[in-house]
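Let's walk through this structure together, one selection at a time. Keep your viewer open and follow along at your own pace.

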Amino acid sequence: VEGCGKKELSCSSTTGLTPADIQTRTALQYVDHAADPAKPCRSCRLFRTAGEAACGGCEVVKGPIHPGGSCSAWAART
């Protein structure tokens with residue numbers, strides 16, 4: 001049945017963030033779905049996972065971060 005099953009993970013809430021934190025998210029072009037499939041947050045060295053089905057965190061972009069999201073601060077894991 002359509003519409004049943006797992007809810008799509010959303011990590012776009014800015015609740016509780018300061019105006020400066022929100023400005024950083026915007027300036028670094030954070031989005032929940034990576035435009036470049038080779039550079040999702042889950043493969044960035046700045047990403048802090050909370051599990052594949054949960055919003056994680058980032059050292060640069062404050063607030064909830066989607067594992068499949070992206071921003072312009074992406075840096076390869078070494």
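The tour goes from the whole chain to a few chosen residues.

**Stop 1: the whole chain**

Keep in mind throughout that you are looking at a predicted model. Start with a cartoon view of the protein, where the secondary structure amounts to 1 helix and 2 strands. Read from the N terminus, the order of these elements is α-β-β. How compact is the protein for its length? Its radius of gyration is 13 Å, close to the 12 Å that the globule rule gives for 78 residues, so the protein is as compact as a globular protein of that length. If you switch to the C-alpha trace, you will find that it spans about 40 × 30 × 20 Å along its principal axes.

Now turn on contacts between residues at least 6 apart in sequence: 64% of them join residues at least 24 apart.

**Stop 2: the surface**

Next, show the surface of the protein. About 5100 Å² is exposed, and carbon and sulfur atoms supply 56% of that area. Of the 78 residues, 29% are buried. Colour by charge if you like: there are 9 positive and 7 negative charges, and the mean positions of the two sets lie 7 Å apart.

**Stop 3: S10**

Select S10, which sits in the segment before helix 1 (19–27). Which residues does S10 touch, once those up to four places away in sequence are set aside? The answer is D32 and C55. Show side chains as well, and you can pick out a polar contact of 3.3 Å between the side chains of S10 and S12. For a sense of distance, draw a line from the C-alpha atom of S10 to that of R45: these residues are 35 apart along the chain, and the line is 21 Å long.

**Stop 4: Q29**

Move on to Q29, in the loop between helix 1 and strand 1 (47–48). Check its backbone torsions here. Most residues other than glycine have a negative phi. Phi of Q29, however, is positive, near 60 degrees. Is Q29 buried or exposed? With a relative accessible area of 54%, Q29 passes the 50% cut-off and counts as exposed.

**Stop 5: A54**

Now select A54, in the loop between strand 1 and strand 2 (57–58). A54 is partly exposed, because its relative accessibility is 24%, which falls between the 20% and 50% limits. Beyond its neighbours within four places in sequence, A54 has contacts with L9 and P67. Add C41 to the selection too: C41 and A54 are 13 residues apart in sequence, and their C-alpha atoms are 12 Å apart in space.

**Stop 6: W74**

Finish at W74, which is found in the segment after strand 2. Its relative accessibility is 24%, so W74 is classed as partly exposed. Where do its contacts fall, leaving out neighbours within four places in sequence? They are with A38, K39, P40, S43 and C44.

Zoom in on two of these partners. The side chain of W74 reaches the backbone oxygen of P40 at 3.1 Å. A polar contact of 3.5 Å also links the side chain of W74 to the side chain of S43. To end, measure from W74 to K62, which is 12 residues away in sequence: the C-alpha to C-alpha distance is 14 Å.

Notes
Residues numbered from 1 in each chain as written. Predicted model: local features only at pLDDT ≥ 70, side-chain atom pairs only at ≥ 80, totals over all residues. Heavy atoms only, no water. Helix = DSSP H or I, 4+ residues; strand = E, 2+ residues; numbered from the N terminus. Contact = heavy atoms within 4.5 Å. Polar contact = N/O pair within 3.5 Å; in protein donor to acceptor, adjacent residues only side chain to side chain. Rg over C-alpha atoms; globule rule 2.2 N^0.38 Å. Buried < 20%, exposed > 50% of the residue type's maximum accessible area, 1.4 Å probe, protein only. Areas by Shrake-Rupley, 256 points an atom, 1.4 Å probe, with all protein chains shown as cover. Lys, Arg positive; Asp, Glu negative; His and termini not counted. Charge placed at Lys NZ, Arg CZ, Asp CG, Glu CD.
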